[in-house]
Amino acid sequence: METPTSAREALIVALDMDARDALAMAHSLRGVVCWLKVGMTLFYERGPRIVEELRELDFDVFLDLKLHDIPHQVEGAVRSVASLGARMLTVHATGGTEMLEAAVRGAHEGAAGTGVEPPALLAVTVLTSMSSADLETVGVEYSAAEQVLRLAGVARDAGVDGVVCSAQEAAMVRGILDAGALVVTPGIRPEWAGNDDQSRVATPSQALSRGASHLVIGRPITGAHDPRDAALRIIAEIEEGIA
């Protein structure tokens with residue numbers, strides 16, 4: 001997958017809500033954004049049909065399932081969802097090299113069976129809700145930044161298409177990835193939006209300046225009084241960052 005060339009292509013709106021609200025939100029954002037993110041809440045409620053419904057509305061779908069299991073299970077899961085036509089899919093980098101390589105195989109096998117392009121596989125490094133202190137409580141001795149860098153290297157060597165990390169680590173990660181790799185950054189909050197449960201956040205312009213290829217933004221858009229206007233406002237900010 002090529003890196004985005006416009007603000008609309010760089011913005012991914014997270015539909016972290018139930019299916020009824022998600023579809024209503026999708027209809028309200030038609031013609032404004034290109035990408036919508038489907039996470040576990042929405043996928044587990046609606047199943048594969050939600051990807052089909054959003055594609056029928058002409059959106060590109062980022063399927064954020066954060067798969068993490070033994071290699072055989074992940075390969076099979078990726079093979080199954082690759083046939084849906086989602087353009088991005090996440091797995092956890094902490095699954096290790098063998099699991100990530102299995103995911104790559106599954107993506108190509110599943111897409112080949114149905115004639116669609118395989119999804120770009122993104123390895124999730126450290127969740128943006130976690131701080132270095134949080135990592136320490138689960139036995140990780142490295143800081144969040146150090147852990148992100150280590151996992152990004154594992155992902156690169158396993159042949160995935162990019163990583164998910166916070167904007168705070170984007171520049172560092174960009175420096176070790178292959179040319180054209182995707183760097184997708186959640187935890188993006190415009191200056192006019194309040195913070196919530198994210199620990200490592202940045203504004204759109206900060207994320208882009210640090211090497212992000214795509215920005216995932218949810219509640220500042222979906223929780224706004226006028227989501228369409230909020231999306232347009234953020235796109236304008238991204239355009240300034242790209243210029």
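Where does Ala-230 sit? Ala-230 belongs to helix H12, residues 227-242. Keep in mind that this is a predicted model. Below is a quick tour of three helix pairs, one helix taken on its own, and two buried residues.

**Helix H5 by itself**
- H5 covers residues 71-82, and its length checks out: at 1.5 Å a residue its twelve residues should span 16 Å, and the end C-alpha atoms are indeed 16 Å apart.
- On the buried side of the ledger, H5 has Val-74, Glu-75, Gly-76, Val-78, Val-81 and Ala-82.
- The cover over those buried residues includes helix H3 (40-46) and H6, along with strands S3 (60-67), S4 (88-92) and S5 (120-124).

**H5 against H6**
- H6 runs over residues 97-112, and H5 packs on it at an angle of about 30° with the axes 7 Å apart.
- Angles under 35 degrees count as roughly parallel, so that is the label H5 and H6 get.
- H5 crosses H6 in the right-handed sense.
- From H5, the contact draws on Pro-71, Val-74, Glu-75, Val-78, Arg-79 and Ala-82.
- H6 answers with Glu-98, Met-99, Ala-102, Ala-103, Arg-105, Gly-106, Ala-107, Glu-109, Gly-110 and Ala-111.
- Sorted by type, the residues of this H5 and H6 contact come out as nine nonpolar, two polar and five charged.
- Val-74, Glu-75, Val-78 and Ala-82 turn up both among the buried residues of H5 and in its contact with H6.

**H6 against H8**
- H6 also packs with H8, this time at about 45° and with 9 Å between the axes.
- That makes H6 and H8 oblique to each other, and H6 passes H8 in a right-handed crossing.
- On the H6 side you'll find Thr-97, Leu-100, Glu-101 and Val-104, and they meet Val-154, Ala-155 and Ala-158 of H8.
- The tally for the H6 and H8 contact is five nonpolar, one polar and one charged.

**H8 against H9**
- H8 (residues 144-158) and H9 (residues 167-174) pack at about 45°, their axes 10 Å apart.
- H8 and H9 are therefore oblique as well, and H8 passes H9 in a right-handed crossing.
- Ala-145, Val-148, Leu-149 and Ala-152 of H8 make the contact with Glu-169, Met-172 and Val-173 of H9.
- This H8 and H9 contact holds six nonpolar residues, no polar ones and one charged.

**His-214 in strand S8**
- His-214 lies in strand S8, which covers residues 214-217.
- With a relative accessible area of 2%, His-214 is buried; the cut-off for that is under 20%.
- Setting aside residues up to four places away in sequence, His-214 touches Pro-4, Glu-9, Ala-10, Ile-12, Trp-35, Met-88, Leu-182, Val-183, Val-184 and Thr-185.
- One of these partners, Met-88, falls at the start of the S4 range, 88-92.

**Back to Ala-230 in H12**
- Ala-230 counts as buried too, at 5% relative accessibility.
- Beyond its neighbours within four places in sequence, Ala-230 is in contact with Trp-192, Pro-220, Ile-221 and Ala-224.
- Take Pro-220: this residue is ten places from Ala-230 along the chain, and their C-alpha atoms are separated by 7.2 Å.

Technical notes:
Residues numbered from 1 in each chain as written. Predicted model: local features only at pLDDT ≥ 70, side-chain atom pairs only at ≥ 80, totals over all residues. Heavy atoms only, no water. Axes fitted to C-alpha atoms, helices over the stretch in contact; angles between N-to-C directions. Helix = DSSP H or I, 4+ residues; strand = E, 2+ residues; numbered from the N terminus. Parallel < 35°, antiparallel > 145°, perpendicular 65-115°, else oblique. Left-handed = near helix turned anticlockwise from the far one by under 90°. Contact = heavy atoms within 4.5 Å. Nonpolar A, V, L, I, M, F, W, Y, C, P; charged D, E, K, R; others polar. Buried < 20%, exposed > 50% of the residue type's maximum accessible area, 1.4 Å probe, protein only. Expected span 1.5 Å × (residues − 1).
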